[in-house]
Amino acid sequence: MFDAQPKSLPPSPGVGFKPQHYGDILVDPGAVTWLEVHAENYMGDGGRPIAQLRALADRFPISVHGVGLSIGGEDPLDRAHLARLRHLIDWLAPTSFSEHLAWSSHGGAFFNDLLPLPYTDATLASVADHINEVQDALGRRMLLENPSTYLDFDETSWLETEFFAQLVRRTDCGLLLDVNNVFVACTNRGEDPYSYIDAFPIEAVGEIHLGGHDAQQDEHGAPLLIDSHGTEVIDPVWALYAHTLRRTGPMATLIEWDNDVPDWPTLEAEATRAARVLAEGVA
Amino acid sequence: MNRFAPALLDPAAAVPAGLSDARGRSAKRRFDVYRNNVIVSLTEALETGFPVIEKLVGAEFFRAMAGVFVRSHPPVSPVLTMYGADLPAFLEQFEPVAHLPFLADVARLELALREAYHAADARPIAPDALTHPGLMEARIRLAPATRLVASPYPICAIWRANSEAGAPPARGGAETVLVTRPDWDPWPRPVSPDVARFIAALAAGQPFGAALAAAGDALDLSAVLTLLLDTKSITAIEVPT
């Protein structure tokens with residue numbers, strides 16, 4: 001629909017770029033073959049962040065990952081923000097652009113969190129409209145990421161995997177499958193993450209995310225996992241990742257570590273582990 | 001979302017109707033995860049943007065104050081690199097910091113430094129461009145990162161004392177601070193009132209000669225031009241044709 005021959009990320013590990021790793025990455029990226037940045041951190045007019053991103057883009061494929069479009073919101077998309085995004089995509093020409101099935105703005109306020117939405121016929125129509133608007137404004141196909149959720153809406157009438165399949169059908173968007181989010185959301189719902197992966201519209205997947213989470217309990221003593229991106233990926237998520245790769249085949253895989261960011265060798269070791277699973281097919 | 005959104009910012013609000021865990025039970029702890037994420041992540045954005053304010057009031061007080069600010073002034077844009085532009089005005093009205101009247105201007109300085117950090121890049125002129133015979137009528141274009149912040153308090157001294165190891169304790173009175181960004185790192189320095197008037201006039205687009213007149217006779221012109229050249233702050237000389 002957009003590119004006859006769409007660019008895609010290499011089927012190998014990448015990491016979320018943190019400025020403190022800039023020098024290390026240029027000296028020795030190790031197993032890391034591509035980088036992801038949060039779009040909203042690169043919307044200034046200039047200065048060091050933009051200069052670093054330009055230099056990195058000369059060396060690595062770049063994935064731009066938005067966290068502020070509020071595609072799952074009830075409000076119309078923020079046109080000024082879409083224009084900022086268009087500007088970034090135009091000068092950077094990244095390999096991939098992705099956003100979330102979530103909302104983060106409502107009534108003029110931005111909440112800086114990926115908030116959940118009910119899955120209904122009405123939200124399906126409005127999310128599909130928003131994805132079409134984004135893809136038209138950017139002139140390219142986007143990937144949409146599955147959320148980590150903590151609670152359910154009584155009005156939900158679609159399974160999340162079905163909701164994604166419908167969005168792909170209506171917008172021709174691609175999907176970003178966050179395996180840690182699957183583990184978190186399924187555990188929080190008391191469901192089987194392997195069944196979720198098996199039901200996911202896998203042919204649309206263009207990128208995988210892996211990250212760490214925290215484990216708590218709710219007031220009923222039920223497990224409540226929190227998508228904190230502040231630790232290593234746990235073994236059960238690596239196992240679920242290996243299962244996912246059997247469905248997707250070799251796939252671009254991002255290690256997300258956004259809080260309590262470790263030193264470069266620790267982060268690179270996670271990418272090396274992803275490379276091993278990609279090569280050997282087992283966690 | 002009409003019910004969800006306001007409850008995010010109101011810690012006393014009940015969990016909105018229609019939310020539950022997957023078995024239809026209450027979801028208080030679950031909703032609180034979202035509530036906590038919103039306040040904590042926006043508080044962290046303010047901590048990143050106002051490290052000197054945080055140091056001046058203490059981390060614990062800052063977190064509590066940030067909670068009040070976030071709830072009354074949530075961001076209006078997803079671009080958080082400039083979140084907190086309303087904090088100086090908030091600090092002027094926030095009763096618990098009334099005994100620290102310099103706080104708002106220190107916050108204005110931290111905002112100016114942050115704006116300068118993200119400002120557009122610009123190529124400085126060669127120093128000999130200032131020998132142009134039409135200089136008096138020319139307009140001097142300053143680098144986009146250039147900022148002036150004036151205060152009745154010694155805000156640059158306060159900033160340094162709380163940013164640099166070994167910096168002397170802040171003393172003195174009113175200061176006007178010039179922020180420049182020679183390469184990637186913005187830097188504040190206090191300037192005399194005549195230098196501040198000169199630079200402000202240039203920034204407002206007045207011709208060089210008019211800026212000199214605004215500065216007054218005491219201006220050490222060669223010192224101020226050296227300062228502007230050394231900090232790569234002059235990016236063009238526009239001589240009227």
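The following exercises concern the interface of chain B and chain A in a predicted model.

**Exercise 1.** Determine how many residues of each chain are in contact, and which three residues of chain B supply the most buried area.

*Solution.* Begin with the contacts: 47 residues of chain A are in contact with 41 residues of chain B. Next, consider the area, of which the two chains bury about 3900 Å² between them. Carbon and sulfur atoms account for 58% of that area. Finally, examine the share of chain B: B:Met1, B:Arg30 and B:Tyr34 supply 22% of what chain B buries against chain A, more than any other three residues.

**Exercise 2.** Identify the side chain of chain A that meets B:Arg30 in a salt bridge, and verify the assignment.

*Solution.* The count between the two chains is two salt bridges. In one of them, the side chain of B:Arg30 meets that of A:Asp218, at 3.0 Å from N to O. The criterion requires a side-chain nitrogen of Lys or Arg within 4 Å of a carboxyl oxygen of Asp or Glu, so the pair qualifies as a salt bridge. Polar contacts across the interface comprise 23 residue pairs.

**Exercise 3.** State which element of chain B gives the most residues to the side that touches chain A, and classify the residues of that side.

*Solution.* Elements that each supply at least two residues are α1 (4-9), β1 (19-20), α2 (28-49) and α6 (103-118) of chain B. Of the elements, α2(B) gives the most, with eleven residues. The side as a whole divides into 23 nonpolar, nine polar and nine charged residues.

**Exercise 4.** Describe how strand β8 of chain A is joined to β1(B).

*Solution.* Strand β8 of chain A covers residues 152-153 and runs antiparallel to β1(B), with two bridges joining them. Within this pairing, A:Phe153 has B:Leu19 as its bridge partner.

Key
Residues are numbered from 1 along each chain as its sequence is written. Chains are lettered from A and ligands numbered from 1 in the order in which they are written. This is a predicted model: local features need pLDDT of at least 70, side-chain atom pairs count only at pLDDT 80 or more; totals for chains, interfaces and linings use all residues. Side-chain values use heavy atoms; hydrogens and water are left out. Contact means heavy atoms within 4.5 Å. Buried area is the accessible area (1.4 Å probe) that two parts lose on being put together, summed over both. A polar contact is a pair of N or O atoms within 3.5 Å; within protein, one must be able to donate a hydrogen and the other to accept it, and residues adjacent in sequence count only if both atoms are side-chain atoms. Helices (H or I, at least four residues) and strands (E, at least two) are DSSP runs, numbered from the N terminus. Ala, Val, Leu, Ile, Met, Phe, Trp, Tyr, Cys and Pro count as nonpolar, Asp, Glu, Lys and Arg as charged, and the others, Gly among them, as polar. Two strands pair if DSSP finds at least two bridges between them.
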